[in-house]
Amino acid sequence: MPTPETVRVLDSTLADEHLAILRDRDTPSPAFRRAVGCLTTLAIAESLRDLAAEPGTVQTPLATAPVRRAARRITVIPILRAGLAMLDPALALMPDRARVGFLGMARDEETLRPRVYLESIPDDLSDDDVVALDVMIATGGSSVAALDEIAKLRPATLRLVGLLAAPEGIARVADAHPDVSLTVAALDERLNDRGFIVPGLGDAGDRLYAPARLPAH
Ligand code: PRP
């Protein structure tokens with residue numbers, strides 16, 4: 001089991017409220033996407049609480065005020081498809097100079113191994129605090145593969161923000177990337193024999209983008 005130092009887990013009633021919406025099998029896609037957005041905001045705030053800062057000043061209407069700003073540029077990298085729903089809420093919190101990269105990963109339903117089908121990441125990350133986003137960390141295979149690709153570009157710091165994780169996935173990510181800071185909204189009990197998080201929320205990508213429960217018009 002992961003230790004508390006291995007992963008930060010949100011501890012807030014508002015986060016629990018949005019998790020309840022995500023877990024409910026009757027939640028339609030629009031409400032599901034909104035809950036993903038709200039939880040992303042909370043999880044990003046927690047993950048970047050200790051972001052390196054540098055001091056400055058601004059002029060208020062009355063006087064000079066001391067301020068703090070992010071010391072480095074931030075690059076956000078959603079892992080498609082599901083992580084795409086976390087991008088806009090994450091960017092809304094970022095300084096204007098933040099950049100975006102993309103990693104497309106699909107998990108083979110039989111082998112549970114991830115396949116990279118898209119990689120579009122700014123190639124110089126050495127001055128960047130990088131934040132990778134994925135809704136689910138199940139076996140951890142997709143997260144490890146994504147972090148492997150990003151780590152090759154030697155970012156100044158690297159964080160992974162997820163919404164739901166299994167202990168097995170967290171352990172695998174922490175083992176492969178001990179220097180990566182992990183934050184999730186919730187840590188569930190286990191994986192089932194199909195590699196799904198239990199109790200979980202089902203297939204996040206399908207629930208975000210394949211609204212089977214909504215009428216076609
Ligand atoms: C899901 C999820 C993660 C991955 C987690 O993506 O969004 O990326 O599986 O599983 P893992 O930890 O066992 O690798 P999926 O491959 O289903 O693609 P999608 O986001 O396009 O639905």
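## A walk through strands E8 to E10

Start by selecting Thr 183, which counts as buried because its relative accessibility is 0%. This is a predicted model, so keep that in mind as you click around. Thr 183 sits in strand E10. Show its surroundings and skip anything up to four places away in sequence: Thr 183 then touches Arg 8, Ala 43, Glu 46, Ser 47, Leu 160, Val 161 and Gly 162.

**Next stop: strand E9.** Leu 160 from that contact list takes you to E9, so colour residues 157–165. How many of the residues of E9 are buried? The count is 8 of 9, so the strand is mostly covered.

Now bring up the strands paired with E9. Strand E8, residues 128–137, runs parallel to E9 and is joined to it by 8 bridges. Strand E10, residues 181–187, is also parallel to E9, with 6 bridges between them. Leu 160 is a handy residue to centre on: Ala 132 stands opposite it, and in E10 its bridge partner is Leu 182.

**Follow the chain between the strands.** Trace E8, then helix H4 (residues 141–151), then E9: together they make a right-handed β-α-β unit. Carry on from E9 through helix H5, residues 167–176, and you arrive at E10 by a β-α-β crossover that is right-handed.

**Select H4.** Here 9 of 11 residues are buried, which leaves the helix mostly covered. Among those buried residues are Gly 141, Val 144, Leu 147, Glu 149 and Ile 150. What is doing the covering? The cover includes strands E4 (73–80), E6 (102–107) and E7 (114–120), along with E8, E9 and H5.

For a closer look, pick Ala 146, a residue of H4. Ala 146 is buried because its relative accessible area is 0%. Leave aside its neighbours within four places in sequence, and Ala 146 is in contact with Ile 79, Leu 103 and Met 105. You can also draw a line from the C-alpha of Ala 146 to that of Leu 160: the two residues are 14 apart in sequence and 9.8 Å apart in space.

**Add H5 to the view.** Two packed helices are described by the angle between their axes and the distance between the axes. For H4 and H5, the axes come within 9 Å and cross at roughly 20°. Angles under 35 degrees count as roughly parallel, and H4 and H5 are therefore roughly parallel to each other. Their crossing is right-handed. To see the interface, show Gly 141, Ser 143, Val 144 and Leu 147 on the H4 side; they meet Arg 172, Val 173 and Ala 176 in H5.

**Last, some backbone oddities.** Most residues other than glycine have a negative phi, and most peptide bonds are trans. Which residues have a positive phi here without being glycine? Two to select are these:

- Leu 112, in the loop between E6 and E7, has phi near 65°. Leu 112 counts as partly exposed because its relative accessibility is 22%.
- Arg 154, in the loop between H4 and E9, has phi of about 50°. Arg 154 is exposed, with a relative accessible area of 67%.

Then visit the cis peptide bonds. One joins Leu 80 and Arg 81, with omega about -5°; Arg 81 is in the loop between E4 and helix H3 (87–92). Another runs from Val 198 to Pro 199, with omega near 5°. You will find Pro 199 in the loop between strand E12 (197–198) and helix H6 (204–209).

Key. Residues numbered from 1 in each chain as written. Predicted model: local features only at pLDDT ≥ 70, side-chain atom pairs only at ≥ 80, totals over all residues. Heavy atoms only, no water. Buried < 20%, exposed > 50% of the residue type's maximum accessible area, 1.4 Å probe, protein only. Helix = DSSP H or I, 4+ residues; strand = E, 2+ residues; numbered from the N terminus. Pairing = 2+ DSSP bridges. Right-handed = clockwise from strand over helix to strand, strands pointing away. Contact = heavy atoms within 4.5 Å. Axes fitted to C-alpha atoms, helices over the stretch in contact; angles between N-to-C directions. Parallel < 35°, antiparallel > 145°, perpendicular 65-115°, else oblique. Left-handed = near helix turned anticlockwise from the far one by under 90°.
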